[in-house]
Each structure stands twice: as structure tokens, then as C-alpha cells.
Amino acid sequence: MKTAHMFHHNDWDGKMSAAVMYQYFREARPDVEDYRFYEVDYTLDLGNDVKADFNPGDVIVFTDYSFSKESNVTWLLGLITHNNYEILWIDHHKSSVELCNKPVSIYGVEYSCMDNLDADYNIKVVVDSSYCATWLAWAYCYSLIKHIIP
């Protein structure tokens, strides 16, 4: 049984973008049978403060969430390199745009920026500061965009 773990910011954009993703998964992803929601803010250390139990094949979704804390970036990179999860990150914050444009090193391999990770790892990144996260989630789900990196 696959579970979709949906991390979303604790404001209305975060809640609504998570709702869009939930509706999409219910309609388009029969392989996902269980849903867990995690309302988060930027003060949390996701790896320690949020108790999530992931299983191989699970889907991990982040909506309206900027990985502004270094510990959360490290935790995300750990999830990415685990390579047994399907990860989707949807955000519109300027700090996410900046993070996406930073070089990343994983296992000694240098990536010029996060947009190159999806070639080697099971992550999709939809980051664009021109739109709210709810619109980005809707556009991704209904094939208006596949992924956007500024």
C-alpha cells in the first residue's frame, strides 16, 4: 500500500495546495491508498519535529514550503538520495528560487542546481515565484506544467 505524505505550509495557500494535490491523487493515482497530512511552518526541524514513517514507494509532497533551514535542506537531500520515494516539491517563495539555483553535491557528484537532480533521482521540482503554490499545484496536476525551475 502506497501512502502520500503531504507536507504543507500552515497558511491558506499551503492548505489549499495540499487539497489540490489530495484531489489529484484520489482521481489520478489509484496506486496511492493512504494519505497523511503534515501542517508545518518554517521553525520546525522536519527530520526531528515531524514524525513521519515512510515506506519504499511512498510519495512525499511538499506544497507552499521553502526549505529555509539548513537542517531541512539536509533532510530533503537525504530523502532524495534514498531513492525509494517519489518526491514532489511545489513552492513559490523567493528563498526556494534561490535554493534551486545553488550548486548541490551528492555522493561527490556536483549538480549545478537542483533542476538537474530529477535526471538521477525521483524528484520533481515546481518552483516559480510568479504564482501562488495553489495555482502551481493545480497547473502541475492538470498537465499545464511538468516542472518549472527558474
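**Exercise 1. Find which secondary-structure element holds Asp91, decide whether the residue is buried or exposed, and list its contacts.**

Step 1. Asp91 belongs to strand β4 (residues 86-91); helices (H or I, at least four residues) and strands (E, at least two) are DSSP runs numbered from the N terminus. This is a predicted model, in which local features need pLDDT of at least 70 and side-chain atom pairs count only at pLDDT 80 or more, while totals for chains, interfaces and linings use all residues. Residues are numbered from 1 along each chain as its sequence is written, and side-chain values use heavy atoms, with hydrogens and water left out.

Step 2. Asp91 has a relative accessible area of 0%, so the residue is buried. The cut-offs are under 20% for buried, over 50% for exposed and in between for partly exposed, with a 1.4 Å probe and protein chains only.

Step 3. With neighbours within four places in sequence set aside, Asp91 touches Asp64, Tyr65, Ser66, Ser96, Val126, Val127, Asp128 and Leu136; contact means heavy atoms within 4.5 Å.

Step 4. Look at Tyr65 in that list: its backbone nitrogen is 3.2 Å from a polar atom of the Asp91 side chain.

**Exercise 2. Work out how the rings of Tyr65 and Phe67 are arranged, then do likewise for Tyr22 and Phe37.**

Step 1. Start with the total: the whole structure contains 17 aromatic pairs. Rings of Phe, Tyr and Trp (its six-membered ring) pair if their centres lie within 6.5 Å, with planes under 30 degrees apart counted as stacked, over 60 as edge-to-face and the rest as tilted.

Step 2. For Tyr22 and Phe37 the centres are 5.7 Å apart and the planes meet at 65°, so this pair is edge-to-face. The two rings join distant parts of the chain, with Tyr22 in helix α1 (residues 12-28) and Phe37 in strand β2 (residues 32-40), 15 residues apart. Tyr22 is partly exposed at 28%, and Phe37 is partly exposed at 41%.

Step 3. Tyr65 and Phe67 have ring centres 5.1 Å apart and planes at 85°, so they too are edge-to-face. Here Tyr65 is buried at 0% and Phe67 is buried at 3%.

Step 4. Now widen the view: ring pairs connect Phe7, Tyr38, Tyr42, Phe54, Phe62, Tyr65, Phe67, Trp75, Tyr85 and Trp89 into a cluster.

**Exercise 3. Trace the salt bridges of Asp31 and Lys15, and say which parts of the chain they join.**

Step 1. Side chains of opposite charge can pair when their charged atoms come close. The structure has 5 salt bridges, each a side-chain nitrogen of Lys or Arg within 4 Å of a carboxyl oxygen of Asp or Glu.

Step 2. Asp31 and Lys2 form one of them, at 3.0 Å from N to O. Asp31 lies in the loop between α1 and β2 and Lys2 in strand β1 (residues 2-9), so this bridge ties together parts 29 residues apart in sequence. Asp31 is partly exposed at 30%, as is Lys2 at 25%.

Step 3. Asp31 also bridges to Arg29, with the closest N and O atoms 2.9 Å apart; Arg29 counts as buried at 14%. Through shared partners, salt bridges join Lys2, Arg29, Asp31 and Glu86 into one network.

Step 4. Turn to Lys15, whose salt bridge with Glu39 has its closest N and O atoms 3.9 Å apart. This bridge connects helix α1, home of Lys15, to strand β2, home of Glu39, across 24 residues.

Methods:
Polar contact = N/O pair within 3.5 Å; in protein donor to acceptor, adjacent residues only side chain to side chain.
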